[in-house]
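This briefing covers how the strands of one sheet are arranged, which helices pack on that sheet, and how one pair of helices meets. It is meant to be read alongside the sequence and the model.

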Amino acid sequence: MESTAYLFGGEEGLLTKALEIAVKFSNDPSVAISDTPAAAQVFARWRPLFICPVGKEHEGFRGLGLDALKDLEGLHPWPQKRPVEHMISFFHTLGVHGLEGVHGFRLNSLRERWGDFGVLLWNRLHSQDAQVISPLIPRDPLVGYGYFDDPIGAVSLLMARFKTNFNVLFARLEGLSRYAAKLELTLHCEYSDRRYNIVIEPITPTRDQALFEDLLEKKLAQLKLENPIREYEISVLDVAEKIQQLDFFEPRDNSEDRWRRLISFARQSNCEMGFLQQEASHFPEQSFRLVTDWPEDFKPQDLVERNEQALQVKSVYAKGLASSPRPSLLLEKPQALNASEVQSLKFVSSLPSERIESSWWQVSVQDLKNRDYYFALSHQGQLLWVFRDRINSQVYLHGYFD
């Protein structure tokens, strides 16, 4: 509390703020500040608005009667009230009528008389029962449920009914500092036992409620709701929030976030997309790999296009492919070129830019033996990647440079 009290103007301000909050939950609240929760409870009950100096709890007990022992609990109440009452009666017979007198007893004396209960009392009177306060973390599952008196068969009406559950679930996610990794929706039909199970799983965990709603609406549009929906269940699988330090001027909705939304829609439509990443492979078909993760070093590069007297600046992505010795656009099967097509090409050099030969460990790849690759220009100005089979001298078109 010492490290944060200055935010409220000191401990007095913190005490006042705590009392303002407590008024919302109790008609007659009381508050006090002390080193331990047990002593704070005693002071709040018997000395309201009392701020005990650090390390001076025993001095704060002066003048308090033995009945205050019943409130010396804190976060862990007394297991039973009767032993405390017996203690109070016993101390009265000894002529001790205040907490200050009980505080003077030795630990061994209380242990011999009351065992573990006496040890607990001594610890609380001497600030030894710390009772570390941990933040309350809700453990309730992130689920929602709805029942329709009138079954619904229209997607737009269903989405409107889901909106309330979405608002509550994503508000809880924000309060817990968690991200939604997956959302599961179960729709129960009215006139049969049929159920629709829908799973929404973006490419990366997020709290983007609009994204989940868009993905869900697209999936619902694919269903034929001939049997109206009577009830539904929604559950969210949450994961820890990623910590990202953003620049003050950096927009929250950056290119990476828009990419995740796009690829989530593509995956839901069974469409494969991503970034081409160069691979060190002997064979062209294995030179690139499609990855969906946003590259850490992915930055755009401005390209200046000149059209007569006009200039146009464009942002070019995947600039690493521009320096690749192999094209990223490969034909699934090399296309054989006839003599007239070969004659129409303009080869950049007479020497091959690359020669590929299959070795003994690639016996299964028969069509890759003895290839000489060349750069060639078509009559339309396209940069092509062609190879000549050194066995039969046949020329094949294998890819285009983007």
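Strands β1 and β4 pair in the antiparallel sense, with six bridges between them. Within this pairing, G144 stands opposite I234 of β4. The model is a predicted one.

**Sheet layout**

- The sheet is open and has four strands in the order β1-β4-β2-β3, with antiparallel pairing.
- β1 (143-152) and β3 are the edge strands, each of them pairing on one side only.
- On average, neighbouring strands of the sheet are turned by 15 degrees against each other, with direction ignored.
- Strands of a sheet pair through backbone hydrogen bonds, in either a parallel or an antiparallel sense.

**Strand β2 and its partners**

- β2 (residues 178-189) is largely enclosed by the rest of the structure, because nine of its twelve residues are buried; buried here means under 20% relative accessible area.
- With β4 (residues 229-240), β2 forms an antiparallel pairing over eleven bridges.
- T186 stands opposite E233 in β4.
- With β3 (residues 195-200), β2 also pairs in the antiparallel sense, over six bridges.
- I200 in β3 is the bridge partner of L183.
- The connection from β2 to β3 is a hairpin of five residues.
- In a regular strand, side chains alternate between the two faces of the sheet.

**Helices on the sheet**

- Which strands does helix α8 touch as it packs on the sheet? Helix α8 (residues 155-176) touches β1, β2 and β4.
- The direction of α8 makes about 25 degrees with that of β4.
- Helix α9 (residues 209-221) also packs on the sheet, where it touches β2 and β3.
- The direction of α9 makes about 140 degrees with that of β3.

**Helix pair α6 and α7**

- Two packed helices are described by the angle and the distance between their axes.
- For helix α6 (residues 107-114) and helix α7 (residues 116-125), the axes come within 6 Å and cross at roughly 145 degrees.
- α6 contributes L107, L110, R111 and W114 to the contact, while α7 contributes D116, F117, G118, V119 and W122.
- By class, the residues of this contact are six nonpolar, one polar and two charged.

Methods. Residues numbered from 1 in each chain as written. Predicted model: local features only at pLDDT ≥ 70, side-chain atom pairs only at ≥ 80, totals over all residues. Heavy atoms only, no water. Axes fitted to C-alpha atoms, helices over the stretch in contact; angles between N-to-C directions. Helix = DSSP H or I, 4+ residues; strand = E, 2+ residues; numbered from the N terminus. Contact = heavy atoms within 4.5 Å. Nonpolar A, V, L, I, M, F, W, Y, C, P; charged D, E, K, R; others polar. Buried < 20%, exposed > 50% of the residue type's maximum accessible area, 1.4 Å probe, protein only. Pairing = 2+ DSSP bridges.
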